Protein chains: 2
Amino acid sequence: MKNATDKKPDLSAQIAQAIRDAIVEGRMIVDERLPSEAELAEQFDVSRPTVREALKRLAAQSLIRTQRGAFGGAFVNRLSYEEAYGQQITTSTLLLSMNAVSFETACEARYALERACAPLAATRRTPDHLATMRAEIHRQSQPGLSDESFCASDVAFHRALVDAADNPVLSYQLAGAVEAMQPLMNMITFTARSRGEIVGIHTRIADALEAHQAARVDEALRALEAYTLILGQNVMAERARKTP
Amino acid sequence: MKNATDKKPDLSAQIAQAIRDAIVEGRMIVDERLPSEAELAEQFDVSRPTVREALKRLAAQSLIRTQRGAFGGAFVNRLSYEEAYGQQITTSTLLLSMNAVSFETACEARYALERACAPLAATRRTPDHLATMRAEIHRQSQPGLSDESFCASDVAFHRALVDAADNPVLSYQLAGAVEAMQPLMNMITFTARSRGEIVGIHTRIADALEAHQAARVDEALRALEAYTLILGQNVMAERARKTP
DNA sequence: GACCTTTAATTGTCTGACATTCATAGATCA
DNA sequence: TGATCTATGAATGTCAGACAATTAAAGGTC
């Protein structure tokens with residue numbers, strides 16, 4: 001009889017897990033070179049293609065990087081914030097698109113997290129952050145802008161807000177929440193009127209940050225959440241009407 | 001001359017990216033079967049091992065699952081919250097351990113995010129959540145508990161707090177932040193006195209949630225952050241003293 | 001001393017084969 | 001008929017061996 005403990009994952013998965021454990025538990029340190037594929041094959045008593053499949057699994061998680069040529073090989077990779085962002089964003093985006101997460105739920109999560117940054121951002125924002133935000137606000141006011149570009153600019157604005165909190169861990173966590181919303185936001189058709197409304201709130205946020213007034217930032221974010229929610233619900237209602 | 005646009009990633013990486021795009025952009029839907037490895041090899045004009053390496057990359061990100069036997073193959077996987085948690089946690093943990101993130105930064109991020117859940121949790125907490133939290137508080141009060149078990153219980157308590165916000169997207173995002181802190185927390189030796197202090201604050205949090213008082217939850221979380229920070233700094237100071 | 005060439009190690013890729021798994025279809029038997 | 005057993009074939013999993021491409025370092029040439 002087969003029970004749950006009988007599970008026999010692929011050899012390549014087992015080997016990947018063994019190496020992953022070694023890395024996570026600190027038995028292999030950053031930039032340390034793994035044995036060559038041939039050596040690993042011998043150690044684990046499998047063929048080279050199997051080892052390679054294991055290494056590709058790890059490479060997909062940015063746990064290792066490989067280098068060809070003499071003195072090349074696979075090295076434990078220092079997971080950079082950039083790489084982590086990327087992973088975070090694809091995972092979050094797929095999670096949202098595949099699990100029928102409602103617009104309301106995603107919106108609520110995103111703005112709750114963003115408000116968590118507000119007090120820190122109000123304290124630590126630099127002129128640089130403010131300049132970025134003002135520039136994005138200006139772009140958002142251009143009349144000829146496509147909906148897609150408007151959304152992209154919106155994301156850039158909010159990333160600047162998050163980055164203003166000057167906490168890389170927060171930025172990393174928030175990247176997923178903000179970017180994953182984009183596909184949902186892209187479904188919205190922004191009228192001139194709604195764009196004006198959003199630009200207005202963005203300006204309030206930038207002003208409040210400039211004045212170091214955390215409470216006003218919080219307030220503006222709540223207004224933006226409420227307004228975004230209405231826009232999203234209109235889209236959903238429209239959709240439901242078309243495909244009953 | 002080679003410039004940045006000349007980059008030629010591995011064939012397996014290219015193929016993985018092509019399939020990943022198809023999934024992310026919705027051209028392949030959940031549970032849809034990919035062509036067989038032999039067919040993919042023909043389509044992309046590469047050998048089967050190369051295709052397999054690409055598929056393993058995708059499997060490592062939980063984007064596909066494979067099934068052996070007749071009518072088996074690779075299928076687009078519905079990314080579950082469980083799988084996403086797992087990825088999130090390993091990535092966050094590695095990010096923190098590999099990038100010399102200070103205790104202060106990690107702590108600040110974690111509690112900022114957790115406070116973001118507080119208002120929602122205060123509104124939506126169920127008796128179930130409260131029961132879990134009380135149970136963990138009780139466990140934390142046991143005298144014989146090891147530091148590791150105390151930490152594990154601490155994590156369980158905070159997960160219950162996060163889950164009480166009843167927003168799966170928030171839970172997912174927070175899982176990384178809370179769990180990734182554990183290796184850092186594990187370095188702390190909890191004295192009977194500090195445990196008592198923490199249990200006290202946990203009790204305040206549970207009480208405030210029970211009374212639906214968001215402001216008091218927020219306040220208790222701030223107290224907990226301040227206290228955790230002190231404990232962490234003591235550890236760091238001790239360490240610095242030992243290895244000057 | 002600067003530049004070129006060889007060399008060896010290592011990853012990337014291909015070919016072909018065999019092992020293993022498993023749903024279905026067909027064969028067997030009560 | 002109906003149930004059970006047994007091929008069958010399609011697919012993934014694994015292996016072995018080979019060659020191509022890349023690259024750092026050693027050695028040779030001017």
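In the predicted model, a polar side-chain atom of B:T50 lies 2.8 Å from a phosphate oxygen of DNA strand C, a polar contact being a pair of N or O atoms within 3.5 Å. Local features are reported at pLDDT of at least 70 and side-chain atom pairs at pLDDT 80 or more, whereas totals for chains, interfaces and linings use all residues. Side-chain values rest on heavy atoms, without hydrogens and water, residues are numbered from 1 along each chain as its sequence is written, and chains are lettered from A in the order in which they are written.

Around DNA strand C there are 22 residues, of which A:R48, B:L11, B:S47, B:T50 and B:G69 come nearest; a residue is near a strand if one of its heavy atoms lies within 4 Å of it. Of the atoms of DNA strand C that come within 4 Å of the protein, 66% belong to sugar and phosphate. Phosphate oxygens of this strand are also approached by side-chain N or O atoms of A:K56, at 3.0 Å, and of A:T66, at 3.2 Å.

DNA strand D is likewise surrounded by 22 residues, with A:L11, A:T50, A:G69, A:A70 and B:A70 the closest, and sugar and phosphate make up 65% of its atoms within 4 Å of the protein. The side chain of B:R48 places an N or O atom 2.9 Å from a base oxygen of DNA strand D, while that of B:R52 has such an atom 2.9 Å from a phosphate oxygen. A polar side-chain atom of A:D10 lies 3.2 Å from a phosphate oxygen of DNA strand D.

Key
Polar contact = N/O pair within 3.5 Å; in protein donor to acceptor, adjacent residues only side chain to side chain.
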